[in-house]
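Here is a short note for someone opening this structure for the first time. The points go from one residue to the sheet, the cores and the cysteines.

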Amino acid sequence: MEDCIFCKIAAHEIPSTVVYEDDQVIAFDDLNPQAPVHTLVIPKEHYANICDGVPGETLAAMAHAVDEVVRAKGLTGGFRVITNTGADAGQTVMHFHMHVLGGCDLGENLI
């Protein structure tokens, strides 16, 4: 999608701090971190959310990217992976993405 900021980041039209990249996905640090480590993992192909017919191969590539982020960021004590789906869940960019959060005690509460 031409006006999607994440599509532009995936195409390297907008600079970002890339943590991991392969032919299907890119992971980059969030500009408004909610934890000491806050990295986003996105597919390079545009999907609105996790329920938008994302192929299994893409989901597997995203899971692999999460693992690469965890290693690169040294999240040995634990981490959280979140995907928001829709405005009511807090999704502000309508391009499927996973938040990898860590680097501190995140506690048991989800919100």
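Where is Asp 105 found? The points below start from there; note that the model is a predicted one.

1. Asp 105 sits in the segment that follows strand E5. With a relative accessibility of 72%, this residue counts as exposed. A polar atom of its side chain lies 2.8 Å from the backbone nitrogen of Gly 107. Arg 71 is 34 residues away from Asp 105 in sequence, and the two C-alpha atoms are 18 Å apart in space.

2. The sheet is open and has five strands, in the order E1-E2-E3-E5-E4, with antiparallel pairing. E1 (18–21) and E4 (79–82) are at the edges; each has a single partner strand, so one side of each has no neighbour in the sheet. From one strand to the next, the twist averages 20 degrees.

3. At one edge, E1 pairs with E2 (residues 25–29) through three bridges, in the antiparallel sense. Within this part of the sheet, Val 18 stands opposite Phe 28 of E2.

4. Helix H2 covers residues 56–73 and lies across E1, E2, E3 (37–43), E4 and E5 (98–102). Its direction is at about 155 degrees to that of E3.

5. The largest nonpolar core has 17 residues. Those that touch the most other members are Val 25, Val 41, Met 62, Val 66, Phe 96, Met 98 and Val 100. At least two residues come from each of E2, E3, H2 and E5, and H2 gives the most, with six. In soluble globular proteins, nonpolar side chains tend to be buried together.

6. Met 98 shows how parts of the chain meet here. Beyond its neighbours within four places in sequence, Met 98 is in contact with Thr 39, Leu 40, Val 41, Met 62, Val 66, Val 81, Ile 82 and Thr 83. A second core, separate from the largest one, has ten residues, among them Cys 4, Cys 7, Phe 28 and Ile 42.

7. Why is the sulfur of Cys 4 not counted as bonded to that of Cys 7? The closest cysteine sulfur to that of Cys 4 is the one in Cys 7, at 3.7 Å, which is too far for a bond, since a disulfide requires the sulfur atoms to be within 2.5 Å. The count of disulfides is zero.

8. Two cysteines can be set side by side for exposure. Cys 4 counts as buried because its relative accessibility is 9%, whereas Cys 104 is partly exposed, at 40% relative accessible area.

Technical notes
Residues are numbered from 1 along each chain as its sequence is written. This is a predicted model: local features need pLDDT of at least 70, side-chain atom pairs count only at pLDDT 80 or more; totals for chains, interfaces and linings use all residues. Side-chain values use heavy atoms; hydrogens and water are left out. Two strands pair if DSSP finds at least two bridges between them. Helices (H or I, at least four residues) and strands (E, at least two) are DSSP runs, numbered from the N terminus. Axes are lines fitted to C-alpha atoms, for helices over the stretch in contact, and angles run from 0 to 180 degrees between N-to-C directions. Contact means heavy atoms within 4.5 Å. Buried means under 20% relative accessible area, exposed over 50%, partly exposed in between (1.4 Å probe, protein chains only). A polar contact is a pair of N or O atoms within 3.5 Å; within protein, one must be able to donate a hydrogen and the other to accept it, and residues adjacent in sequence count only if both atoms are side-chain atoms. A nonpolar core is a set of buried Ala, Val, Leu, Ile, Met, Phe, Trp, Tyr and Cys residues joined through side-chain atoms within 4.5 Å.
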